[in-house]
Structures are given as C-alpha cells and as structure tokens.
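Work through the following exercises with the coordinates open, trying each task before reading its solution.

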Amino acid sequence: SGSYYVAGYYDDNHDLLDSDGDGKGRSSAFYGQRLRLNAVFQVAEGLKLVTRADIMERVWGGSRVHSTAGGRDPYSPGYTGGGNLDIDEERNISWERAYAQFAVPTGQLFVGYQQCLTWGTVFQDAASSAPRIKYVGIFGSWIVVALTEKGVEGDIGTATTDSDYDKYALALIYKWQGGQVGLLNFYLPARHVENADVWNNYLSPYFKATFGPLYLEGEASLWYGEADYDNPATEDVDREGWSFYLYGKYNLGPAYVGAQFAYVEGDDPSTTDDDEGGYPLNEDWDPCLILWNDNLHKWMGNLGATTTAGTSDSMTNAFLYQIFAGFSPMEKLTLHASVTYAVADEKPEGYDDDEYGTEFDITATYKIYDNLSYMVGFGYLVTGDYFKGRESDNNKIDDDYLVMNKLTLRF
C-alpha cells in the first residue's frame with residue numbers, strides 16, 4: 001500500500017514584508033511531490049515484517065528535501081524547534097521503517113524502527129520513526145501499551161558508560177461503541193547529557209466521542225522535568241509546559257459546521273531558570289493553509305522569517321481559535337471554508353504585539369476515482385503585528401496569500 005501526491009503552490013509573500021518598506025518579500029511558484037511505499041511481508045500466520053520508504057520527495061526541478069524529524073528529539077536539552085533539512089539530489093529513497101510484528105498471548109509485539117511521536121488525536125503529533133520495542137495488549141474494551149525507545153546510543157565507540165537516552169512509556173486506552181479515552185505517560189531520562197542530571201516526563205490524556213450527528217475530540221499535555229548541571233556556574237532549569245485542544249463537528253446531512261481551539265504555553269521571557277512551553281510537535285496537525293502548515297513549511301521554511309524568527313510547522317506559544325463549515329453539493333465534491341485567529345501566549349522579549357493574525361481559507365476537493373482526489377485551495381493571512389518583531393517601528397509587514405492545488409493517489 002502507499003500514497004503519491006503532487007502539490008502546486010503559489011505563495012505570494014512568505015516573508016510577510018511590506019512592499020513600501022524594505023522590499024517585497026519573496027513570492028514562489030513550485031511543485032512538490034512524494035511517493036510513499038508500505039511493504040508488508042507476511043512470513044507466517046501472526047508474524048510479519050513491516051517496512052516503509054519515502055521515494056523522490058522533492059521540488060520539481062530542484063533538490064530533494066528530506067525532513068530529518070526522526071533525528072530530532074523534542075524533549076532534549078538544546079532543542080530549538082523547527083526542522084532540519086537534508087538537501088541531497090543523490091538520495092532518492094529514505095527507508096525509515098523496518099520492524100517485526102508478531103502475536104503473543106494477549107497481544108502483539110513490535111520490534112524495530114517503527115512509528116513514533118503519535119498519540120490520541122492528531123494534535124501534538126509529528127509522525128516519525130524510531131527504534132522501539134512495543135507491546136500492545138488487548139483485554140476486552142481495554143488496550144494496554146508498554147514500550148521502550150532508543151533516543152541516543154552513547155556507549156558504543158566511546159569511553160563513557162550508561163550515557164544512553166532510553167525512553168519509557170505506559171499507556172491505557174478504553175474503547176466503547178462511539179468513543180474512546182486514553183492516558184499516556186512518557187518518561188524521558190536524558191543520561192547522554194554530559195555533566196548534568198536531565199529528565200523529562202510527558203503526560204497526555206485524550207478522548208474521542210460521537211453523539212449522533214455531533215463528533216467531539218480533545219487532548220491535553222503536561223510536560224515537566226529538570227536539568228540540574230554539575231557546574232555551579234550553569235544555572236539549573238525547571239521545565240514545564242501545558243497544551244490542550246478541543247475540536248467539534250456537527251453534521252447536517254450534506255453540510256457540516258464546527259470549531260476548534262488550541263493552546264500551547266509559551267516561555268515567559270522574564271524567567272531564566274524556568275523553561276515553560278517548549279512544545280515543538282504538531283507537525284501533523286495543519287489547522288490552516290498558511291499558518292503552522294507542515295506541507296508549506298517543508299518547502300518554504302519559517303513564515304515571516306525575515307523580520308522575526310517566524311513561525312515553524314508546529315504551533316508553539318499560541319492561542320488558536322477557528323470556526324469552519326463544509327458542504328457537498330454533489331457526491332464527489334466537498335467544499336470547506338474556515339476562519340482562524342491566533343495570538344501568542346507570551347510576547348518574546350522586546351516584542352510590542354502578540355497578534356499572529358487572522359487567516360481565511362477555502363478548499364474544494366473532488367474525488368476523480370475512489371483512490372484519486374484533486375484539491376484546490378486559497379488562503380489569505382491578514383498579518384498580525386507579532387511579525388514586526390523587536391524593531392516594530394522599522395519592520396514593515398504585509399499580508400500573504402496562497403493558491404494551491406494537490407493531486408493525491410492512495411493505493
């Protein structure tokens with residue numbers, strides 16, 4: 001099985017610069033594509049080898065762009081967010097998953113490089129691959145998950161011992177007809193950090209439920225930990241952050257209406273011994289076509305990066321409010337529109353404003369075949385003064401709009 005997509009973009013002003021200021025920001029028109037293959041080798045009843053490869057992920061006529069998300073750990077000290085890009089014309093295949101899956105009494109075992117950074121709803125997800133040993137047990141309506149994951153191998157080829165970064169998780173899920181709830185606890189002791197005692201813990205409950213025509217889901221996350229350094233000249237850091245998300249959709253026959261709200265705590269610039277917020281996930285959750293959209297960021301980089309650090313593919317330090325509606329005038333055609341408003345939770349030091357802006361999006365998706373769909377979209381961002389950064393009197397900003405179309409094949 002797998003998928004293939006080709007997406008064409010015209011991004012008018014990705015740097016959000018005012019044409020009357022320092023010059024119009026760059027406009028770009030390009031196509032990007034990716035072929036993803038999932039190959040499963042059924043060795044025997046209850047035993048399989050599962051693999052996945054991404055092939056020819058690139059801009060047409062340009063270099064291949066490969067996101068190294070699997071090599072970034074969002075809970076490690078020194079992580080600054082954003083994506084590392086490995087641009088390499090020669091590498092056409094990124095083989096990122098290979099694991100054995102086999103049945104054991106009361107459940108399944110998964111051993112090898114497999115999917116990671118996903119849990120509950122799509123919020124706070126950034127699907128990647130990591131080496132894991134995972135057990136999934138099914139006991140009636142209850143599901144139990146236990147795993148260990150290798151973050152960093154620090155013992156091989158070094159003079160140190162016990163300097164690995166091994167992660168441990170336990171999760172419990174309860175399902176019923178029309179819904180489910182779950183709770184995850186991820187313990188992250190970073191023993192690979194030299195001359196320091198570093199640990200983090202990630203706790204996340206979620207729910208999904210359907211009540212007739214109404215669908216609701218939500219997820220919350222609490223991240224806390226410490227970085228205690230041996231050198232007294234280095235200040236110890238307490239780490240803590242909150243996030244939560246609510247989504248609702250009401251079906252009205254061929255139409256629907258809904259809303260979503262998301263919050264990710266920001267880091268208070270007035271405290272140096274506390275690291276609040278710091279949630280770099282959300283790459284899989286694309287609430288808008290421009291703001292915090294992973295597909296656009298993959299090719300274009302941070303939004304508004306000329307005047308500030310910009311915004312990456314993952315929503316951080318923000319409140320997001322969105323209303324949306326959709327309609328299917330015919331069986332194969334779906335129209336969708338949304339209005340989104342976003343502000344920062346904490347203004348970075350020296351910033352005069354916390355408003356990211358207001359975005360208007362509209363898309364139309366047509367199913368050409370059961371496995372082939374074509375989407376066209378238009379997004380317009382009324383840019384907020386947050387993007388003026390620290391020199392708000394000198395930095396002139398302007399709005400951005402995006403026109404795109406995307407052909408997606410699934411097989």
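**Exercise 1.** In which strand is Ile-323 found?

Solution. Ile-323 belongs to strand 17, residues 318–330, where strands (E, at least two residues) are DSSP runs numbered from the N terminus. The model is predicted, so local features need pLDDT of at least 70 and side-chain atom pairs count only at pLDDT 80 or more, while totals for chains, interfaces and linings use all residues. Residues are numbered from 1 along each chain as its sequence is written, and side-chain values use heavy atoms, with hydrogens and water left out.

**Exercise 2.** Classify Ile-323 as buried or exposed, and place this residue in its surface patch.

Solution. Take buried as under 20% relative accessible area, exposed as over 50% and partly exposed as in between (1.4 Å probe, protein chains only). Ile-323 is exposed because its relative accessible area is 55%. Next, a nonpolar patch joins side chains of Val, Leu, Ile, Met, Phe, Trp or Tyr within 5 Å, from residues with over 30% relative accessible area and no salt bridge. Ile-323 forms such a patch with Val-339, Phe-360, Ile-362, Phe-378, Tyr-380, Val-382 and Val-403, and together they have about 640 Å² of accessible area (Shrake-Rupley method, 1.4 Å probe, with only the protein chains shown counting as cover for residues). Strand 19 (355–369) and strand 20 (372–383) each supply at least two residues of the patch, and strand 20 gives the most, with three.

**Exercise 3.** Trace the salt bridges of Arg-36 and Arg-132 to their partners and strands.

Solution. A salt bridge is a side-chain nitrogen of Lys or Arg within 4 Å of a carboxyl oxygen of Asp or Glu, and the structure holds eight of them. The side chain of Arg-36 meets that of Asp-54 at 2.8 Å, N to O. Because Arg-36 lies in strand 2 (residues 28–44) and Asp-54 in strand 3 (residues 47–59), the pair ties together parts that are 18 residues apart in sequence. Arg-132 and Glu-149 meet in a salt bridge at 2.6 Å, N to O; since Arg-132 lies in strand 8 (residues 128–139) and Glu-149 in strand 9 (residues 142–152), parts 17 residues apart in sequence are tied together. Arg-132 counts as buried at 10% relative accessibility, and Glu-149 counts as buried at 6%.

**Exercise 4.** How many disulfides are there?

Solution. The rule requires a pair of cysteine sulfur atoms within 2.5 Å, and by this rule the count is zero. Cys-116 counts as buried at 4% relative accessibility, and Cys-288 is buried with a relative accessible area of 3%.

Note on methods: Patch = residues over 30% accessible without salt bridge, like charges linked within 9 Å, V, L, I, M, F, W, Y side chains within 5 Å. Helix = DSSP H or I, 4+ residues; strand = E, 2+ residues; numbered from the N terminus.
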